[in-house]
Amino acid sequence: MVSIFKKYRIAYWGIGIAIIAIMVSVIFMFPDMPWYFNLLDVGIALILVYAEAMFFTKLASKKLAKDVLPLYSNCHVNEYINELKRLFDKKAKGAVVSLYNMLLAGGYEAVDDYDAVYECAQKLNSKSYKNEYHRCMINYYVQRDLIDQAQSEIAEQRKLAENIKNPKYKEIIERSIANAEYAIRIKQGNYEGAEEYFSKMLASEAADSPIGQASYSFSLGKLLVLKNEPERARENLQKASDIGGDTKYKKRADELLLTLDSKD
């Protein structure tokens, strides 16, 4: 994670090298000290290097959250994808590869590139990202109308969700499952409970950001079109269009609005 930001990478390596240099210097300055003194010296150096790594990882995470993630939240998704690529491409290693592809998949989903979502999902190899793999594949299968495969992935994710200890993350996963299940029902012509669900989501923390508002406004507007309630649909679709930036929610809302206009 530290490697994606140049200034943190330079500082991390500079301080790390300084710690090792001091450790070696102490050993040569006191050659007659007992063996356990050298062991203590090495132990302290390792602890300091570990603490330094944790410190810079935290700084990098905060910078990512401050400078990059808001691009997604505010519906500047193509800029978000480009910035992720600039920061992570050829730098991501180990578990960071999964983090990168998880973030990238969210961006691709928001701009309707589900082939890219699928490719990112295949790179979520870290065990701790298993839930994110299933979430990506559920959305991919729903979008491709592969309902049996989507339901199979939902079943797998439900099993994993039972063991999630973090209540906030568990709520996010359960909401993702509910979104997919309502999408499947609507595709099958079953609208029962969907309006209430989308309205509830629009009033919840899930819609605190512009992209959350755009997503659920579009879903509600599309549902109301299907229920033949054009005026109520228009209100929600217009909201999705107004705040949707470069997302699929604006694009699809605009398409539905044109269809409604043609019928007036």
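I take exposed to mean over 50% relative accessible area and buried to mean under 20%, with partly exposed in between. The model is predicted, and I keep that in mind throughout.

**Entry 1: helix H4**

I started with H4 and looked up which residues sit on its outward side. The face turned away from the buried side of H4 carries the exposed residues Asn82 and Arg86. I then listed the buried residues of H4: Val77, Tyr80, Ile81, Leu84, Leu87 and Phe88. Viewed down the helix axis, these buried residues fall within an arc of 135°, so they line one face of H4. The background is plain: an α-helix has 3.6 residues a turn, so residues three or four places apart point the same way.

I also checked the length of H4. It has twelve residues, 77-88, and at 1.5 Å a residue the helix should span 16 Å. The end C-alpha atoms are 16 Å apart, which agrees. After H4 comes lysine 90, and I noted its positive phi, near 70°.

**Entry 2: the nonpolar core**

Next I asked which members of the largest nonpolar core touch the most other members. The core has 73 residues, and the ones I was after are Leu84, Phe88, Leu103, Phe198 and Leu237. Helix H5 gives the largest share of this core, nine residues. Two names were already in my notes, since Leu84 and Phe88 are among the buried residues of H4.

I took phenylalanine 198 for a contact list. Leaving out residues up to four places away in sequence, phenylalanine 198 touches Tyr182, Ile186, Tyr216, Ser219, Leu220 and Leu223.

**Entry 3: salt bridges**

How many salt bridges does the structure hold? I found 15. I went through some of them one at a time.

The pair of arginine 135 and glutamate 109 has its closest N and O atoms 3.6 Å apart. Arginine 135 lies in helix H7 (residues 130-143) and glutamate 109 in helix H5 (residues 95-110), so the salt bridge ties together parts that are 26 residues apart in sequence. Are the two partners buried or exposed? Arginine 135 has 15% relative accessibility and counts as buried. Glutamate 109 is buried as well, at 14%; the cut-off for buried is under 20%. Beyond residues up to four places away in sequence, glutamate 109 touches Tyr114, Val117, Arg135, Asn139 and Lys248, so the salt-bridge partner turns up in the contact list, where the limit is heavy atoms within 4.5 Å.

Lysine 187 and aspartate 145 form a salt bridge with an N to O distance of 2.7 Å. This pair links distant parts of the chain, 42 residues apart: lysine 187 is in helix H9 (residues 167-187), and aspartate 145 is in the loop between H7 and helix H8 (147-161). Lysine 187 is partly exposed at 43% relative accessibility, and aspartate 145 is partly exposed at 48%.

Arginine 175 and glutamate 171 form a salt bridge with the closest N and O atoms 3.8 Å apart. Both residues lie in helix H9, four residues apart, about one turn of the helix. Arginine 175 counts as partly exposed at 21% relative accessibility, and glutamate 171 counts as partly exposed at 44%. I then looked for salt bridges that share partners, and these join Glu195, Lys227, Glu229 and Arg232 into one network.

Conventions: Residues numbered from 1 in each chain as written. Predicted model: local features only at pLDDT ≥ 70, side-chain atom pairs only at ≥ 80, totals over all residues. Heavy atoms only, no water. Salt bridge = Lys/Arg side-chain N within 4 Å of Asp/Glu carboxyl O. Buried < 20%, exposed > 50% of the residue type's maximum accessible area, 1.4 Å probe, protein only. Expected span 1.5 Å × (residues − 1). Arc of directions from axis to C-beta. Core = buried A, V, L, I, M, F, W, Y, C linked by side-chain atoms within 4.5 Å.
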